[in-house]
Amino acid sequence: EYSAALSALQTVLACNPSSAQPYIDYARCALALQKNRMQSMLYSIDEDIRSNNQNGKDKVSLTKTDELISSLQKALQIDPTLEEARILLAEVLAIGGDYSIAIDAYRAALETELAKDKSWQSRLDFGLGIVALKLNQGETAVAALLEANKADPSNPFIHQALSEAYQMLGLNEDAFNSARAALMIDANNVDLLAWFAKQVLSLKDYQGETIPHGCSEAMAALRRASALAPQRADLAILLGQIQFEMGDRNGAIDSFNKIIPVQNQEYTLDILPSELYAAGKYLLMLNLPLGACSCLEMALEKDKSANTASKPRLAFPNPSPLDIYSLLAKCRRQSGANLSALEAINQAISLAPDNVDLYLEKVDLTLEMYPGLLSRKDNDEGISTILECLDAAYKIDPKNPDIHFRYALILRMIGKLSSAQSHAEKAADLYKSLQPVNSPVNHID
């Protein structure tokens with residue numbers, strides 16, 4: 001029981017702070033509590049690499065990292081020859097995100113006698129490779145990870161990291177082979193299957209196309225992962241995205257239908273708001289706006305509650321409430337639920353009162369809701385709503401030609417021809433500066 005051991009070691013340290021070994025034991029127990037720390041380090045490299053994070057310091061560190069660093073430094077102050085303390089210090093620095101310091105600590109640890117032991121060598125070379133990846137040092141990463149692989153060739157995490165390192169250097173064929181090697185070692189690991197699919201899809205050839213067999217192998221991995229973990233919605237969503245992009249409309253619909261909440265039925269999927277939002281976007285593109293609405297409405301509910309979804313999982317862009325309401329308005333409008341769409345637009349406007357596009361969307365929706373305006377029938381409510389929206393938008397961006405175009409349209413409808421002509425001329429001038437050909441103003445009689 002590492003937790004109990006930690007508590008006992010804290011008592012020992014309080015009673016005997018001049019002994020080095022309890023400090024090492026304390027750090028060892030704390031690291032042991034971080035289950036699969038190699039996996040945790042590995043699964044965090046992907047986002048950093050793709051966002052080109054070169055600051056050498058993550059924003060989030062493990063709880064008590066500073067405490068562990070302090071314990072190991074005290075041990076080394078008492079006895080500078082303690083090699084295990086140096087190795088553990090490198091790992092704590094890496095897991096805590098102090099990569100610029102950690103890479104030097106790993107190099108120093110690799111010079112110790114203890115590092116000659118094969119198990120320690122693999123552990124240290126892997127750590128050095130991961131830290132080098134974090135610092136965008138691809139060549140150093142590949143060299144270190146190849147050494148780690150020699151010492152421990154059956155470790156899938158090392159092959160995963162090698163794939164990322166090769167990709168950083170543009171060696172996509174090697175990256176693909178390393179990804180395959182990782183999967184062959186542990187083909188029933190759901191997280192590994194999901195990682196493989198995402199990694200393979202990110203490997204592009206010189207023309208920007210996914211490498212040969214990449215899509216088919218990614219889909220096969222996702223299907224297997226989904227069968228092993230049917231509650232994981234992120235797997236079905238990524239599979240649906242791939243199918244959609246490959247032109248397999250029916251396959252994509254089948255995948256996304258698994259995500260749609262069904263009224264009066266318990267929802268058993270493990271899902272995040274970001275995943276519901278991603279599903280909503282693709283369902284709308286598949287012309288399934290009702291399903292998209294259901295996903296987005298659930299996303300809004302989940303956004304207000306605590307996040308209980310499991311980790312690690314495939315990452316989808318995290319939408320803001322504004323993003324969700326804006327997309328929900330489009331989905332409701334496409335499904336013909338204009339009153340509900342108007343509610344969503346109003347919510348979006350309350351979150352972004354300076355967003356001109358939202359006001360214009362509300363204008364267009366109101367015109368759909370009151371078709372009598374188009375035949376010059378009186379409708380004070382619709383006209384009032386439209387003019388209020390246009391007035392608000394005009395205050396924000398008076399040089400927006402779309403605002404003047406709509407002003408001209410509605411003012412002409414209600415018989416204010418002089419004002420309509422003035423706005424039409426203004427819109428025409430503004431459109432000419434932006435897009436002189438095929439301007440909407442050309443269609444105003």
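pLDDT is the predictor's confidence in each residue, on a scale from 0 to 100. This is a predicted model, in which local features need pLDDT of at least 70 and side-chain atom pairs count only at pLDDT 80 or more, while totals for chains, interfaces and linings use all residues. Residues are numbered from 1 along each chain as its sequence is written, and side-chain values use heavy atoms, with hydrogens and water left out.

The protein chain has a mean pLDDT of 84, and 82% of its residues reach 70 or more. Over residues 45-63 pLDDT stays under 50. For that stretch the model has 39 contacts (heavy atoms within 4.5 Å) beyond four places in sequence. Where pLDDT is low, the predicted coordinates should not be read in detail.

Two helices are set out below. Helices are DSSP runs of H or I with at least four residues, numbered from the N terminus; the expected span is 1.5 Å times one less than the number of residues.

| Helix | Residues | Number of residues | End-to-end C-alpha distance | Expected span |
|---|---|---|---|---|
| Helix 8 | 118-134 | 17 residues | 24 Å | 24 Å |
| Helix 23 | 417-434 | 18 residues | 25 Å | 26 Å |

Buried means under 20% relative accessible area, exposed over 50%, and partly exposed in between, with a 1.4 Å probe and protein chains only. In helix 8, 13 of the 17 residues are buried, so this helix is largely enclosed by the rest of the structure. Asparagine 136, just after helix 8, takes a positive phi of about 60°.

The buried residues of helix 23 are Ala420, His423, Ala424, Ala427, Ala428, Leu430 and Tyr431, and they pack against helix 22 (401-413). Serine 418 also lies in helix 23, but serine 418 is exposed, with a relative accessible area of 62%. Its C-alpha is 9.5 Å from that of alanine 408, ten residues away in sequence.

A pocket is an open set of points on a 1 Å grid over the protein atoms alone, where a 1.4 Å probe fits, with protein on both sides within 12 Å along at least five of seven lines; lining residues have an atom within 4 Å of a point. The second largest pocket has a volume of about 470 Å³, taken as the space filled by probe spheres set on the points. Its lining has 22 residues, of which Leu201, Leu238, Gln241, Glu245 and Tyr282 are closest to the centre. Helix 12 (190-202), helix 14 (233-245) and helix 16 (273-285) each give two or more residues to this lining, and helix 16 has the largest share, five residues.
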